[in-house]
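Subject: Structure handover

Hello,

Here is the structure I promised to pass on. Please open it first, then read my notes below.

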Amino acid sequence: MIVLPRKDGTGEVNVTVRGMMTDGLELRPRVKLLEGRWFTPGQREVVLSESIHKRFAHSNVGDEIQFGKGPWRVVGIFDAGGSAYESEVWGDVNQMASDFDRQGAFASAYLRATDPVAAGALKNAVSDDQRLKLDGILETDYYAKQTSSGGAIKLVGYLVGFIMGIGSIFAAMNTMYAAVAYRSREIATLRVIGFSRPSILTSFVLESLLLSLLGAVVGIVLMLPFNGMTTGTSNQVTFSEVVFSLRMTPMVILAAVIFALVMGFFGGLAPAYHAARQNILTALRG
């Protein structure tokens, strides 16, 4: 862990720094260099993720970061494709081992298997070999444990969405009841000229669904400026900051549309039923 000051001046936080060999870059093909160059072995040089670059001070190419036994020069910015590496700073493993007095020992060994079956066998072999005294764990499981603190954020999001969804159902119901009351003569006229009660009910439910769909489109458009916004939270396992982005993927947009349609259906069902059950003569006199 190293301590870096935030760009907005709100304080300092722990950030994960990883010392690696140059082979480590080849083991991570998803990571792409955006600016500058990779670090040179044996030099006090580091590369930062784009998220770290955006959030912390002294993180431009050519700047110096103070940690360990002295300054380290920033020589590159990389994009980790939204993976957990977005929260890390990378440098030469031997130089970092010297700075942190950890020569002859490594925190982890990163291996890439040929396929999932080989990965599972390798994990079990490492864990079962008592000579190694190592824990074998898949990378996905390792980072899933580290990012478990994000579960609370998702829970709050679902809870707020559920509460607002209930409110939206009542809002839709109120809107549709008002529409039914305002158009009672129109509904009665439709009944007189031959429209059945199921057709009246269906038309009002469809109207409610269309209004909900319009609301979903407006909400999605209003959220587009926040797409890709980067923020962070504390990692309860390593006590460092985990950087993550808010992304509106096609699946998120689809879920929002479906959620809106469900709210529109339940919000419009009762008013539509009321419209279909109206007495014709009473509605015409009203």
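Helix 8 and helix 9 cross in a right-handed sense. This is a predicted model. The angle between helix 8 and helix 9 is about 150°, and their axes lie 7 Å apart. Helix 9 covers residues 250–276. Sorted by class, the contact of helix 8 with helix 9 holds 20 nonpolar residues, five polar and one charged.

Helix 8 has another partner to look at. Helix 7 (residues 184–192) packs with helix 8 (residues 197–223) at about 140°, with 10 Å between the axes. Helix 7 is therefore oblique to helix 8. The cut-off matters here: an angle has to be over 145 degrees to count as roughly antiparallel. The crossing of helix 7 with helix 8 is right-handed.

Which residues make the contact between helix 7 and helix 8? From helix 7 come Ile187, Leu190 and Arg191. From helix 8 come Arg197, Ile200 and Phe204. In this contact of helix 7 with helix 8, four residues are nonpolar, two are charged and none is polar.

Now the strands. Strand 5 spans residues 64–67, and its side chains alternate. Ile65 and Phe67 point to one face and are buried. Glu64 and Gln66 point to the other face and are not buried.

Strand 5 pairs with strand 6 (residues 70–79). The pairing is antiparallel and runs over four bridges. Take Ile65 again: this buried residue of strand 5 stands opposite Trp72 in strand 6. Two residues lie between the strands of this hairpin. In the hairpin, Gly68 has a positive phi near 70°.

Where else is phi positive? Two residues are worth a look, and neither is a glycine. His58 has a phi near 55°. His58 sits in the loop between helix 2 (50–55) and strand 5. Asp101 has a positive phi of about 55°. Its loop lies between helix 3 (93–99) and helix 4 (116–128).

Is Asp101 buried or exposed? Asp101 has a relative accessible area of 56%, so it counts as exposed. The cut-off for exposed is over 50%.

To find your way around, start at helix 8, which packs with helix 7 and with helix 9. Then go to the hairpin of strand 5 and strand 6 and find Gly68. Finish with the loops that hold His58 and Asp101.

Best wishes

Definitions and conventions. Residues are numbered from 1 along each chain as its sequence is written. This is a predicted model: local features need pLDDT of at least 70, side-chain atom pairs count only at pLDDT 80 or more; totals for chains, interfaces and linings use all residues. Side-chain values use heavy atoms; hydrogens and water are left out. Axes are lines fitted to C-alpha atoms, for helices over the stretch in contact, and angles run from 0 to 180 degrees between N-to-C directions. Angles under 35 degrees count as roughly parallel, over 145 as roughly antiparallel, 65 to 115 as roughly perpendicular and the rest as oblique. A crossing is left-handed if the near helix is turned anticlockwise from the far one by less than a right angle, and right-handed if clockwise. Contact means heavy atoms within 4.5 Å. Ala, Val, Leu, Ile, Met, Phe, Trp, Tyr, Cys and Pro count as nonpolar, Asp, Glu, Lys and Arg as charged, and the others, Gly among them, as polar. Buried means under 20% relative accessible area, exposed over 50%, partly exposed in between (1.4 Å probe, protein chains only). Two strands pair if DSSP finds at least two bridges between them.
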